[in-house]
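Visitor: Could you take me through one part of this model up close? I'd like to see how a pair of neighbouring elements is put together, and then how that part sits in the whole chain.

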Amino acid sequence: MFPNFIGDLIAQPTVNSIMSVKSDFQLKIWHGFNTILLLSAITIVLGTVIYFINKPNEHKLKWIEQLNFIAPITIFQKCYRTIYNFSTSYSHYFHNGYLRSYLLKIIIFAEVLLAYQLYLGGPLHINWELLSAVSVYEVVTILIVFGAVALTLSTSSRLTAVVSTSVIGYGICLLFVFYSAPDLAMTQFTIDTLTVVLFVLVLFKLPPFLNLANKRVLIRDAVVAIIFGIILALVAIRVLHVPTNIAISDFYGKNAYLLAKGRNVVNVLLVDFRGFDTMFEVVVLSIAALGVYSLLKLRLKSSEKE
């Protein structure tokens, strides 16, 4: 209706801002007799003639229906059904509501990433001369840990599984003691004991044990677990090849007593040099403890349980 108004105030400023070049053009309703006008007139005339000549009938409709497989609506519906079926299958597989399924997928994804990183790192070489000698105490402790792991996997009793799991934690505590880390051993011992107590308290509220795994699932989980353990062992070996920078450890070792007045370097790190970090960790553990205590003291009404 008003081409000059649209061209001067909207079209031309828009083109200039996009092209970054000042251009001058005019929008008109009438451009004279040209090819575009001729093609438009032919289109109108042919469309009018076809409308009056081409009368619809059943034969033509059936012939047209044969081409429905390439119709836009048919193509759109097929694409929609394909995407919907894929998204539904994807959701049912990855978001099926089972925690064990989520853990399995997370561990497999971690295995793939770690294995790829190990592959990029090149071959591994172990210098056996630099490794410390294995003592009888370590061998016995490892055998006890292996036995506890086997008992945890094979038992059908939850209480037995919790107790055997605690044996694994206490075995790790002994390894910390063997490698001159009594503070870590005490921390591990405290956390392991607290965890066992919480597990035993929770066991009284859980429903009966359900066996949802068959032999095939057990073999799959065992293979995934063994591969994950092997990858972590290879990662530990890879760490031995990384050059060690002892500047930071030397700083803490030299200044633990001078700046923080403490002889235990580990305690000084946790309390003084990393005091804020430790404080927030204590806050997180306190919040978790309050949550567990609240759940233990929770008493729901019969209507709320339903």
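Guide: Here's a walk through one helix pair, the loop that joins it, and then the chain around it. Keep in mind that this is a predicted model.

Let's zoom in on helix 10, which covers residues 247–260, and helix 11, which covers residues 265–273. Two packed helices are described by the angle between their axes and the distance between the axes. For this pair, the angle is about 65° and the axes lie 10 Å apart. Angles of 65 to 115 degrees count as roughly perpendicular, so helix 10 and helix 11 fall into that class. As for handedness, helix 10 and helix 11 make a left-handed crossing.

Now for who touches whom. From helix 10, the contact takes in Phe-251, Tyr-252, Asn-255, Ala-256, Leu-259 and Ala-260. Across from them, helix 11 brings Val-265, Val-268, Leu-269, Asp-272 and Phe-273. Sort the residues of this contact by class and you get nine nonpolar, one polar and one charged. Asn-255 is the polar one and sits on the helix 10 side, while the charged one, Asp-272, belongs to helix 11.

Next, the connection. Lys-261 is found in the loop between helix 10 and helix 11, and its backbone is worth a look. Most residues other than glycine have a negative phi. Lys-261 isn't a glycine, yet its phi is positive, at about 60°. Its relative accessible area is 64%, and the cut-off for exposed is over 50%, so Lys-261 counts as exposed.

There's a companion case elsewhere in the chain. Ser-180, also not a glycine, has a positive phi of about 60°. Ser-180 is in a loop too, the one between helix 7 (158–178) and helix 8 (182–203). With 65% relative accessibility, Ser-180 is classed as exposed.

Now step back to the whole chain. It holds 13 helices and zero strands, so the pair we've been looking at belongs to a run that reads α-α-α-α-α-α-α-α-α-α-α-α-α along the sequence. The radius of gyration is 37 Å, where a compact globule of 306 residues would come out near 19 Å. Along the principal axes, the C-alpha atoms fill a box of roughly 105 × 55 × 55 Å. Of the 306 residues, 11% are buried. And if you take contacts between residues at least 6 apart in sequence, 48% of them link residues at least 24 apart.

Technical notes
Residues numbered from 1 in each chain as written. Predicted model: local features only at pLDDT ≥ 70, side-chain atom pairs only at ≥ 80, totals over all residues. Heavy atoms only, no water. Axes fitted to C-alpha atoms, helices over the stretch in contact; angles between N-to-C directions. Helix = DSSP H or I, 4+ residues; strand = E, 2+ residues; numbered from the N terminus. Parallel < 35°, antiparallel > 145°, perpendicular 65-115°, else oblique. Left-handed = near helix turned anticlockwise from the far one by under 90°. Contact = heavy atoms within 4.5 Å. Nonpolar A, V, L, I, M, F, W, Y, C, P; charged D, E, K, R; others polar. Buried < 20%, exposed > 50% of the residue type's maximum accessible area, 1.4 Å probe, protein only. Rg over C-alpha atoms; globule rule 2.2 N^0.38 Å.
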